[in-house]
Amino acid sequence: GGVKEVILLVTGSRVYSNLKYEGGVHRVQRVPTTEAQGRIHTSTATVAVLPEADDVEVAIDPNDPQRIIASRVGGGQPTRMFLTTDGGTLWNALPTLDTMMTGNGVFKYDTLSGPRAFARRNGYPQPTLVAFDPSDPDIVVAGATDAGVFISTNGGTRWQLVTDPFTPGVSGTPHIPRPYYAHFDHDPPAGDINLYLGTRGRGAW
């Protein structure tokens, strides 16, 4: 009987800074109700204090591992899209993609409420997908929770929206929220590209 393990989520300002030194083995002393002579019993409890990982989207070019796109660079920094071609020594901002991630300002880059990992409702970032086409280094796909799916055909310099997050019923172009996976199918090779998207909660497209 008894409690074997307890997991807690503590939120607030500077929580990890204040609690990180509490990790380790703690001594627990008690007098059980069954102890007739009042003797103190000693046992131990192991405490692990871990910071919650940031939601970061990262894609590495399978043909050039020095080429990486990430949605955040450096701890504590706001969510923004960056591209490096030298393995992370120099990161270049992608302001056009940043604008699309927010639907030209309609959506917040980092929301303050709403579901994220483990179904907690403490907000979420827009970026959910970044992927390089393994057969064509110029083609890159990105996606956002609310703002849809975007594609670049020149290696990430220019981007265009390929879904419609605002008026899909009028335009006939579907809105594909929460994309998480992309598969590139070149049929025939060097011909047209079929792009398959896996989403969270909206199936595959």
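Here a biologist and a modeller talk through how the features of this predicted model get their names.

Biologist: Before the details, what does the protein chain contain, and how many helices and strands are there?

Modeller: The protein chain has three helices and 12 strands. Of its 205 residues, 33% count as buried. Its accessible surface comes to about 13,000 Å², and 53% of that belongs to carbon and sulfur atoms.

Biologist: Let's take one residue. Why is Q126 called buried?

Modeller: Buried means under 20% relative accessible area. Q126 has a relative accessible area of 0%, so it is buried. You can find Q126 in the loop between α2 (95–101) and β7 (127–132).

Biologist: Which residues does Q126 touch, leaving out those up to four places away in sequence?

Modeller: Among them are M101, F107, Y109 and T111, and also G143, A144 and T145. K108 is on that list too, and the side chain of Q126 reaches the backbone oxygen of K108 at 3.3 Å.

Biologist: What makes that pair with K108 a polar contact?

Modeller: The limit for a polar contact between N or O atoms is 3.5 Å. The side chain of Q126 comes to 3.3 Å from the backbone oxygen of K108, so the pair is within the cut-off.

Biologist: Now H26. Why is H26 called partly exposed?

Modeller: Partly exposed covers the range between the buried limit of 20% and the exposed limit of 50%. H26 has a relative accessible area of 30%, so it is partly exposed. H26 sits in strand β1, residues 24–30.

Biologist: What does H26 touch, not counting residues up to four places away in sequence?

Modeller: H26 touches S43, T44, A45 and V47. V47 is 21 residues from H26 along the chain, and their C-alpha atoms are separated by 7.2 Å.

Biologist: How do you know that H26 and V47 are in contact, with C-alpha atoms 7.2 Å apart?

Modeller: Contact is judged by heavy atoms within 4.5 Å. V47 is listed among the residues that H26 touches, so heavy atoms of the two lie within that limit. The side chain of H26 also has a polar atom 2.5 Å from the backbone oxygen of E22.

Biologist: What about V6: why is V6 called exposed?

Modeller: Exposed means over 50%. V6 has a relative accessible area of 59%, so it is exposed. V6 lies in the segment before α1 (15–19). Together with V3, L8, V10 and L19, V6 makes a nonpolar surface patch of about 510 Å².

Biologist: On to the strands. Why is β8 described as largely enclosed?

Modeller: Strand β8, residues 140–144, has five of its five residues buried, so the rest of the structure largely encloses it. V140, A142 and A144 point one way from β8, while V141 and G143 point the other way.

Biologist: Why do the side chains split like that?

Modeller: Side chains in a regular strand alternate between the two faces of the sheet.

Biologist: How do you know that β7 and β8 pair?

Modeller: Pairing takes at least two bridges. β7 and β8 have five bridges, in the antiparallel sense, so they pass that test. In these bridges, V130 stands opposite A142, L129 has G143 as its partner, and A131 has V141. β7 is mostly covered too, with six of its six residues buried.

Biologist: And what joins β8 to β9?

Modeller: A hairpin joins them through three residues. The two strands run antiparallel, with five bridges between β8 and β9 (residues 148–152). V141 stands opposite I151 in β9.

Biologist: What makes β7 and β10 edge strands?

Modeller: Their open sheet has the order β7-β8-β9-β10, with antiparallel pairing. β7 and β10 (160–161) each have a single partner strand, so one side of each has no neighbour in the sheet.

Biologist: Which strands form the open sheet that includes β3?

Modeller: Its order is β3-β4-β5-β6, again with antiparallel pairing. The edge strands there are β3 (58–61) and β6 (92–93), each pairing on one side only.

Biologist: What makes β3 and β4 a pair?

Modeller: At least two bridges are needed, and four join β3 to β4 (residues 64–70), so they count as a pair. In one of the pairings, I60 has I68 in β4 as its bridge partner.

Key: Residues numbered from 1 in each chain as written. Predicted model: local features only at pLDDT ≥ 70, side-chain atom pairs only at ≥ 80, totals over all residues. Heavy atoms only, no water. Buried < 20%, exposed > 50% of the residue type's maximum accessible area, 1.4 Å probe, protein only. Polar contact = N/O pair within 3.5 Å; in protein donor to acceptor, adjacent residues only side chain to side chain. Areas by Shrake-Rupley, 256 points an atom, 1.4 Å probe, with all protein chains shown as cover. Patch = residues over 30% accessible without salt bridge, like charges linked within 9 Å, V, L, I, M, F, W, Y side chains within 5 Å. Salt bridge = Lys/Arg side-chain N within 4 Å of Asp/Glu carboxyl O.
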